[in-house]
Amino acid sequence: MTTCGASRAALPCSALAERTPLQDIIADLKWRGLVHQQTDEKLAAWLGEKSRTLYAGFDPTADSLHVGSLIPLLMLRRFQKAGHRPIALVGGATGMIGDPSGKSEERNLLDVDALAANVAGIEAQMRMLLDFEGDRGAKLVNNFDWMRSFSYLDFLRDVGKNFPVSVMMAKDSVKTRLGRDDVGISYTEFSYMLLQAYDFVHLHEQFGCELQLGASDQWGNITAGIDLARRMKSVQLYGLTCPLLTKSDGAKMGKTESGTVWLSPSRTSPYAFYQYWINVDDADAGKCLRFLTELEQKEVEALDAARESDPGKRESQKRLAEELTRMIHGDAGLATARRATEIFFGAEISELSDAQLGEIFADVPSQQLARERLEGEGLNVVDALVEASLAGSKSDARRTVAQGGAYVNNRRVENVDAQLGPADLASETVMVLRSGKKKYALLRFKA
RNA sequence: GGGGGGUUUCCCGAGCGGUCAAAGGGGUCAGACUGUAAAUCUGAUGGCACUGCCUUCACAGGUUCGAAUCCUGUACCCCCCA
């Protein structure tokens, strides 16, 4: 994975930081629907005056970001492209506390080692989307670095003093938790906003950061930071939030039955990632294109029109999947995803290598069998299906075959008595079994 | 404490001595159709050595040539009266 990642629609990373003059980023964000709330209506003009420094925070709850973090991260990228300097803040310290916003329960605290590993993983992913070179290069900071040595007493005197409890209690994030009698909120989580508020002040002092971006649930934390800066330093800072990415049915984007859609290829294969976007509902496709790609307005609107007139073609979804897979997994990742798609949807499998199959079927369960089972009489299809766990019993397997639902290397098996031999291997040692439309399993035959 | 009802295959629910691996629905699986959608339609749905055999109807015994169905006891659940 190269530092510069995989953007094609976007400019090469190296050009991001140098790009001038300033573009009207707010106008772009507005048509995309990415502006939820802003602290000042004159933000556009303010940003037009000169290159500004801004930041967004990310939770290090795992060693990879997921689709949900993509919007703010792309926001940073958009600002950088428009001529500003982004800072990505990884919440090594705040991650130990847990943000009560949008959560219904107290969070489990992470230990220091786990956090360090998570921060490292996330950092690598950010390097794909942001340009860290040059004087307008992005910065990556970890609030653990400045919070670790901040003593409790000093923090209470310098920061806590500026927070009226009445104001803190009034924040939605706290209020909703206090309103419930089944969960409550600990003092630790209650203090969370102080930490995030202080981050903003610190980044302003250290890097001249003046604007904080976040999802809409961050509004309270952002304004807390702005208030704190005014009280502590008498400076005016700004905030901008974007909507949360939700589906038309209200559910969160980026979740499948099998779990979260991650950016890391070891957690979510490029194929699974690609498939996630291919399967986006028509109703959500336009929003995703606006929120998550860098396609221009004209292009997005053309896709809207195409979706309207010929939804079956699913041009929007295809384009979305293509853009995002390339952005996150590079051209090579996109190629893999596409080839996997072709094969998953019926293309007969032959003349492939173990390595290729391994890549394509990365998410598919496999079972190892002795090579001898293919010799002589061969392996009965029914037994093969059972070994591969595609059938719960031999009866079940027989039924599947009888009903025309069993495939070997994507070739339908016609006969219950079929025997599989070495000729049925798709590669050196692997046989691809399938039951139904897209339930796959591999059998690996080792000597 | 007294009286009554219940416990069926993944779920709901029929069955009330042989024709019961057990109706029907849901779910699930497969097929057709389709936009890798939704809806719809068709088939399948205990196991195996599969025109046959074996194991299942709360559990343990019993009556019968034969029981998910009858009897006895045990466990759990529900309702009514105190």
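Modeller: House rule before we start: helices (H or I, at least four residues) and strands (E, at least two) are DSSP runs, numbered from the N terminus. This is a predicted model, where local features need pLDDT of at least 70 and side-chain atom pairs count only at pLDDT 80 or more, while totals for chains, interfaces and linings use all residues. Residues are numbered from 1 along each chain as its sequence is written, chains are lettered from A and ligands numbered from 1 in the order in which they are written, and side-chain values use heavy atoms, leaving out hydrogens and water.

Biologist: Okay, let's pick on tyrosine 274. Why is tyrosine 274 called buried?

Modeller: Tyrosine 274 lies in helix 13, residues 270-278. Buried means under 20% relative accessible area, with exposed over 50% and partly exposed in between (1.4 Å probe, protein chains only). Tyrosine 274 has 7%, so buried is the right word.

Biologist: And which residues does tyrosine 274 touch, not counting residues up to four places away in sequence?

Modeller: Contact here means heavy atoms within 4.5 Å. On that basis tyrosine 274 touches Ala321, Glu322, Thr325, Leu334, Ala337, Arg338 and Thr341. Take Leu334: it sits 60 residues away along the chain, yet the two C-alpha atoms are separated by 7.7 Å.

Biologist: Next, helix packing. What makes helix 15 oblique to helix 16?

Modeller: Axes are lines fitted to C-alpha atoms, for helices over the stretch in contact, and angles run from 0 to 180 degrees between N-to-C directions. Helix 15 (297-309) and helix 16 (315-344) have axes that come within 8 Å and cross at roughly 140°. Under 35 degrees is roughly parallel, over 145 roughly antiparallel, 65 to 115 roughly perpendicular, and the rest oblique. That leaves helix 15 oblique to helix 16. Glu299, Leu303, Ala306 and Arg307 of helix 15 meet Glu315, Ser316 and Arg319 of helix 16.

Biologist: How do you know that helix 14 and helix 15 are roughly antiparallel, then?

Modeller: Helix 14 (282-292) packs on helix 15 at about 175°, with the axes 10 Å apart. The pair therefore counts as roughly antiparallel. Asp282, Ala285, Gly286, Leu289 and Arg290 of helix 14 contact Val300, Glu301, Leu303, Asp304 and Arg307 of helix 15. By class that contact has four nonpolar, one polar and five charged residues, where Ala, Val, Leu, Ile, Met, Phe, Trp, Tyr, Cys and Pro are nonpolar, Asp, Glu, Lys and Arg charged, and the others, Gly among them, polar.

Biologist: Over to the sheet. Why are strand 9 and strand 12 called edge strands?

Modeller: Two strands pair if DSSP finds at least two bridges between them. The open five-strand sheet runs 9-15-14-11-12, with mixed pairing. Strand 9 (366-370) and strand 12 (411-412) each pair on one side only.

Biologist: What makes strand 14 mostly covered?

Modeller: Six of its six residues, 430-435, are buried. Val430, Val432 and Arg434 are on one side, with Met431, Leu433 and Ser435 on the other.

Biologist: And how do you know that strand 14 pairs with strand 15?

Modeller: Six bridges join strand 14 to strand 15 (439-446), and the two run antiparallel. Arginine 434, for one, has tyrosine 440 as its bridge partner. Strand 11 (406-408) is also antiparallel to strand 14, through three bridges. Alanine 406 stands opposite serine 435 there.
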